[in-house]
Amino acid sequence: MSKTIMLACAGGMSTSLLVTKMEKAAVERNIDVSIFATAGSIIPDECKKYHPDVILLGPQIQYMYHLVIKEVDVPVSVIDMRDFGTMNGEKVLDLALSMMK
């Protein structure tokens with residue numbers, strides 16, 4: 001059964017490249033996941049629409065963490081700044097998968 005991972009940043013743009021890297025890592029590892037990027041300001045609406053299993057916030061919007069966890073009923077975490085800066089799709093995918101167990 002496919003799982004859905006939501007990545008959020010200020011505008012959804014910087015996480016788009018990370019989504020591509022994560023999808024590549026998932027394919028290489030034969031993991032069935034759906035990954036998408038969105039803007040932090042519309043997380044609640046996107047949750048209702050796509051029902052993600054986990055939400056990862058870009059480091060630039062980590063200040064939103066406490067607001068987001070009050071509005072959604074799925075695990076939420078902030079992507080490590082180093083992993084985000086280097087667009088390390090493998091590590092960020094590992095983070096998301098570990099949150100779904």
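Is H51 buried or exposed? Keep that one in mind for a moment, and I'll come back to it once we've walked through the fold.

Okay, so, what's on the screen is a predicted model. Let me start with the overall layout. We've got five helices and four strands. If you read from the start of the sequence to the end, the order goes β-α-β-α-β-α-β-α-α. So the chain alternates until the end, where two helices come one after the other.

How about overall dimensions? The C-alpha atoms sit in a box of roughly 35 × 30 × 20 Å along the principal axes. The radius of gyration comes out at 12 Å, and that agrees with a compact globule, because for 101 residues you'd put such a globule near 13 Å. On burial, 45% of the 101 residues count as buried. The exposed area is about 5700 Å², and 55% of that comes from carbon and sulfur atoms.

Now contacts. If you take those with a separation of 6 or more, 63% of them are between residues 24 or more positions apart. I'll show you a couple of residues that illustrate the long-range side of this in a minute.

First, charges. There are 10 positive side chains and 12 negative ones, and the centres of those two sets lie 3 Å apart. How many salt bridges does the structure hold? Three.

The first one I'd look at is local. K24 pairs with E28, and the closest N and O atoms are 3.0 Å apart. Both residues belong to helix α1, which runs over residues 14-28, and they're four residues apart, about one turn of the helix. Both of them are exposed, too.

The other two both go through R29. E90 bridges to R29 with the closest N and O atoms 2.9 Å apart. E90 is in helix α5, residues 89-99, while R29 is in the loop between α1 and β2, so this pair ties together parts that are 61 residues apart in sequence. Then D94 also forms a salt bridge with R29, and here the closest N and O atoms are 2.5 Å apart. Again that links distant parts of the chain, helix α5 with the α1 to β2 loop, 65 residues apart. Put those together and R29, E90 and D94 make up a network of salt bridges.

And how covered is that network? R29 has 32% relative accessibility, so it counts as partly exposed. E90 is at 34%, partly exposed again, and D94 is at 36%, also partly exposed.

Right, let's go inside. T15 is in helix α1, and its relative accessibility is 0%, so T15 counts as buried. What does T15 touch, once you set aside neighbours within four places in sequence? The list is L7, A8, C9, A37, T38 and F84.

The other inside residue I picked is I79, which is in the loop between β4, residues 76-78, and α4, residues 81-85. It's a loop residue, but I79 has just 2% relative accessibility and therefore counts as buried. Skipping residues up to four places away in sequence, I79 touches L7, L18, L56, L57, G58, P59, F84, V92 and L95. L7 and F84 are on that list, and they're among the contacts of T15 as well. One more distance for you: from I79 to A8 is 71 residues in sequence, and 9.8 Å in space, C-alpha to C-alpha.

Last topic, backbone angles. Which residue in the loop between α1 and β2 has a positive phi without being a glycine? That's N30, with a phi of about 55 degrees. N30 has a relative accessible area of 73%, so N30 is exposed. R29, the salt-bridge residue from before, is in that loop as well.

And that brings me back to where I started. H51 also has a positive phi, about 50 degrees, and isn't a glycine either. You'll find H51 in the loop between α2, residues 43-50, and β3, residues 54-57. Buried or exposed, then? H51 is at 57% relative accessibility, and the cut-off for exposed is over 50%, so H51 counts as exposed.

That's my tour, thanks everyone.

Definitions and conventions: Residues are numbered from 1 along each chain as its sequence is written. This is a predicted model: local features need pLDDT of at least 70, side-chain atom pairs count only at pLDDT 80 or more; totals for chains, interfaces and linings use all residues. Side-chain values use heavy atoms; hydrogens and water are left out. The radius of gyration is taken over C-alpha atoms; the globule rule is 2.2 Å times the number of residues to the power 0.38. Buried means under 20% relative accessible area, exposed over 50%, partly exposed in between (1.4 Å probe, protein chains only). Contact means heavy atoms within 4.5 Å. Accessible areas come from the Shrake-Rupley method with a 1.4 Å probe; for residues, only the protein chains shown count as cover. Lys and Arg count as positive and Asp and Glu as negative; His and the chain ends are not counted. The place of a charge is taken as NZ of Lys, CZ of Arg, CG of Asp or CD of Glu. A salt bridge is a side-chain nitrogen of Lys or Arg within 4 Å of a carboxyl oxygen of Asp or Glu.
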